[in-house]
Amino acid sequence: MRASLNYNDYFKLILNNVDYGENILIRIEQTEDRGRTLFALSDIKYMDVLFREKSLLYGPLHDSPSVCLNCLKQVSDEVCEYCGLPLCTEPCSTYFNHDDYECNLFQLAKYRPTINDFESINPLYQCITPLRMLLTRDNLPDKWTILQNMSSVIGTQQTRECENNVVNYLIDYWKLDFTKEDVRHVVEVLKNNAFEVNSTTKTKPGGPGRGIFPLHALTNHSCAPNITYRYISEDDHMECFAIRDIRKGEELFNSYIDYNEDLETRRETLRAGWNFECKCERCLADDK
Ligand SMILES: [Zn+2]
Ligand SMILES: [Zn+2]
Ligand SMILES: [Zn+2]
């Protein structure tokens, strides 16, 4: 069983990684029908930044070629000398905390991957980000507690694929000291709550990945959103900002999908990815 925290302790933990700027513009509430929800604490103007949040962790995409495990940049043949996983020689192999994560584990398992083709999708990469989440249990307990308390939706298409490539692989084949339920939970959290990031900065190339931002993850979906977000790779944080004027007391809504699509497409995407039927004002109006 996953240990669950009361809301206040949970918020306190996740807010450690959040910067509100000069004025606090949001309020979090546990609602009966919609779970944990964000509201505007005061009037907010178009383009105002509501908060900035550091990533809890990030890692490669679900479908990823064999990119550098630190900067996520495409590499051609550079690997970590200890574990054999892709890592660019300069500068990543010199400072990255890859040791705390998968590097040690691959060494312990005496499993040295051989990668001949760095450009094709590598199924092994489906395990990397879930593995980083699991490994917080022993090294970064606050992060583990947060991950345990994040919500997950069971039974999406990607989680079925992960059942083989991640859950069974890590537990049956690698014999990791976790339960299948633990692994399923992190896989589902990733599917439902991860945000795409890109580590490219103005001065160095990088690549796409997925990151966990627990406060951002509390925003509910609407097909007529009032906020959105952008990732700032220079110092690894996500910035939430208003895309229209918002009045005090309004609920803050982000869109999980491309909201320019028509009603049918939006419904299909939300059902496949998040397993719910959207009842936002726009969907209700479009349905008439
Ligand atoms: Zn790198
Ligand atoms: Zn390594
Ligand atoms: Zn909708």
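**Exercise 1.** In this predicted model, find what phi Asn275 takes just after helix 8.

*Solution.* Start at helix 8, which covers residues 263–274. Step just past helix 8 and you arrive at Asn275, whose phi is positive, at about 60°. Now look back at the helix: its twelve residues reach 16 Å from the first C-alpha to the last. That is close to the 16 Å expected at 1.5 Å a residue.

**Exercise 2.** Work out how helix 4 and helix 7 pack, and which residues meet there.

*Solution.* First, locate the pair: helix 4 spans residues 128–139 and helix 7 spans residues 180–193. Next, take the geometry: the axes lie 9 Å apart, at an angle of about 120°. Angles of 65 to 115 degrees count as roughly perpendicular and those over 145 as roughly antiparallel, so helix 4 is oblique to helix 7. The crossing of the two helices is right-handed.

Then list the contacts. Helix 4 brings Thr129, Pro130, Met133 and Leu134, which meet Asp182, Val183, Val186, Val187 and Leu190 of helix 7. Sorted by kind, the residues of this contact are seven nonpolar, one polar and one charged.

**Exercise 3.** Establish the strand order of the open sheet, and find the bridge partner of Val197.

*Solution.* Begin with the order: three strands run 5-7-6, with antiparallel pairing. Strand 5 (57–59) and strand 6 (194–198) are the edges, each pairing on one side only. On average, neighbouring strands here are turned by 35° against each other, ignoring direction. Finally, follow strand 6 to strand 7 (residues 208–212): five bridges join them. Val197 has Gly209 in strand 7 as its bridge partner.

Notes. Residues numbered from 1 in each chain as written. Chains lettered and ligands numbered in written order. Predicted model: local features only at pLDDT ≥ 70, side-chain atom pairs only at ≥ 80, totals over all residues. Helix = DSSP H or I, 4+ residues; strand = E, 2+ residues; numbered from the N terminus. Expected span 1.5 Å × (residues − 1). Axes fitted to C-alpha atoms, helices over the stretch in contact; angles between N-to-C directions. Parallel < 35°, antiparallel > 145°, perpendicular 65-115°, else oblique. Left-handed = near helix turned anticlockwise from the far one by under 90°. Contact = placed C-beta atoms within 7 Å. Nonpolar A, V, L, I, M, F, W, Y, C, P; charged D, E, K, R; others polar. Pairing = 2+ DSSP bridges.
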